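Reader: I would like a close look at one part of this model. Please keep it brisk.

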Amino acid sequence: MARILAIANQKGGVGKTTTCVNLAASLVSNGRRVLLVDLDAQGNATVGAGLDKDAVAVSNYELLTGEATAQMVCCRGLEPGFDVLPANGDLTAAEVSLMEAGEGRERRLQQALAPIIDAYDYILIDCPPALSILTVNAFVAAHGVLIPIQCEYYALEGLSALLDTIERVRQTVNPDLAIEGLVRTMFDGRNNLATQVGAQLLAHFPDQVYRTQIPRNVRLAEAPSHGLPVLQYDRSSRGAVAYMALASELLRRQGASGQAKGGVR
Ligand code: ADP
Ligand code: MG
């Protein structure tokens with residue numbers, strides 16, 4: 001059964017989509033079967049994973065309104081083991097339709113993913129920059145939330161609203177939802193403020209903050225315009241190396257917690 005991770009932060013431009021696409025590609029490169037789910041109407045993750053968002057026949061609009069199954073919407077990504085449930089501007093209408101739907105509207109994604117959950121090792125959901133019904137659908141479907149954080153002055157602002165939303169979902173529909181981790185993105189070690197905020201995060205959330213920091217790297221910003229994850233675009237770049245390290249850390253942490261839960265002595 002796949003481990004489902006929502007990549008979320010209601011702030012825009014903090015590196016959610018970049019993390020989703022490049023972590024997915026790095027997990028695939030580690031031999032894992034990965035499904036990327038684009039839940040942002042901008043469709044940036046869809047494009048970043050190599051698809052033409054306006055050419056897809058059906059997308060997550062049809063998935064969430066129940067007009068299509070995950071098997072129908074699923075597209076093959078750039079390489080074997082990397083699939084995508086794509087999104088485009090149509091997703092805005094799905095959001096409106098979900099808002100008007102009645103009970104169970106926050107479970108639509110969970111139900112849509114259920115038939116294909118065994119076909120993958122990881123399902124990564126790229127959330128929109130809002131604590132909307134789409135993000136709530138991701139939190140209900142997920143086992144964990146991975147939170148990209150840009151180390152700047154306002155980095156922690158909004159984090160409590162995000163944590164409150166996670167807590168609310170935990171108390172209602174998904175009690176097992178974990179905070180998978182906080183990932184420091186676009187990190188510039190020459191910038192004193194970034195270093196301070198990074199250290200402050202580590203002090204507040206010692207267990208949740210990933211040790212891997214994603215540096216600011218122009219290759220990461222260029223890769224999407226070629227429709228490629230950075231690993232395919234420039235595998236020796238600092239960005240590619242960092243996302244490979246992030247994938248290793250994620251696999252290591254999951255291995256450790258799996259052992260703890262399994263009671264290995
Ligand atoms: P979000 O999905 O949170 O809105 P994105 O992943 O789209 O954020 O990133 C916002 C912008 O910053 C994009 O143009 C992206 O290419 C760029 N970007 C993201 N991470 C990095 C990085 N580590 N180094 C340089 N540019 C980055
Ligand atoms: Mg995004």
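Author: What follows is a walk along one helix and its surroundings, then a stop at one buried residue. The model is predicted.

Start with helix 1, residues 16–29. Its 14 residues reach 20 Å from first C-alpha to last. That is close to the 20 Å expected at 1.5 Å a residue. The helix is mostly covered, with 14 of its 14 residues buried. After helix 1 comes Gly31, and its phi is positive, near 85°.

Now the ligand. Ligand 1 is surrounded by 18 residues. Gly15, Lys16, Thr17, Thr18 and Ala221 are the closest. Helix 1 gives the largest share of this shell, 3 residues. Strand 7 (178–187) and helix 10 (218–222) also supply at least two residues each. By class, the shell has 9 polar, 7 nonpolar and 2 charged residues.

Next, the core. Nonpolar side chains tend to be buried together in soluble globular proteins. Here the largest nonpolar core has 84 residues. Ala24 is among those with the most contacts inside it, along with Leu36, Leu124, Ile125 and Ala138. Beyond its neighbours within four places in sequence, Ala24 is in contact with Val34, Leu36, Phe82 and Leu124.

Last, Asn60, in helix 3 (residues 60–65). Asn60 counts as buried because it has 29 C-beta neighbours inside 10 Å, and the cut-off is 20 or more. Setting aside neighbours within four places in sequence, its contacts include Asp38, Leu39, Val73 and Leu85. Asp38 is 22 residues from Asn60 in sequence, yet their C-alpha atoms are 7.5 Å apart in space.

Key:
Residues numbered from 1 in each chain as written. Chains lettered and ligands numbered in written order. Predicted model: local features only at pLDDT ≥ 70, side-chain atom pairs only at ≥ 80, totals over all residues. Core = buried A, V, L, I, M, F, W, Y, C linked by C-beta atoms within 7 Å. Buried ≥ 20, exposed ≤ 12 C-beta atoms within 10 Å, placed from the backbone. Contact = placed C-beta atoms within 7 Å. Helix = DSSP H or I, 4+ residues; strand = E, 2+ residues; numbered from the N terminus. Expected span 1.5 Å × (residues − 1). Near = placed C-beta within 6 Å. Nonpolar A, V, L, I, M, F, W, Y, C, P; charged D, E, K, R; others polar.
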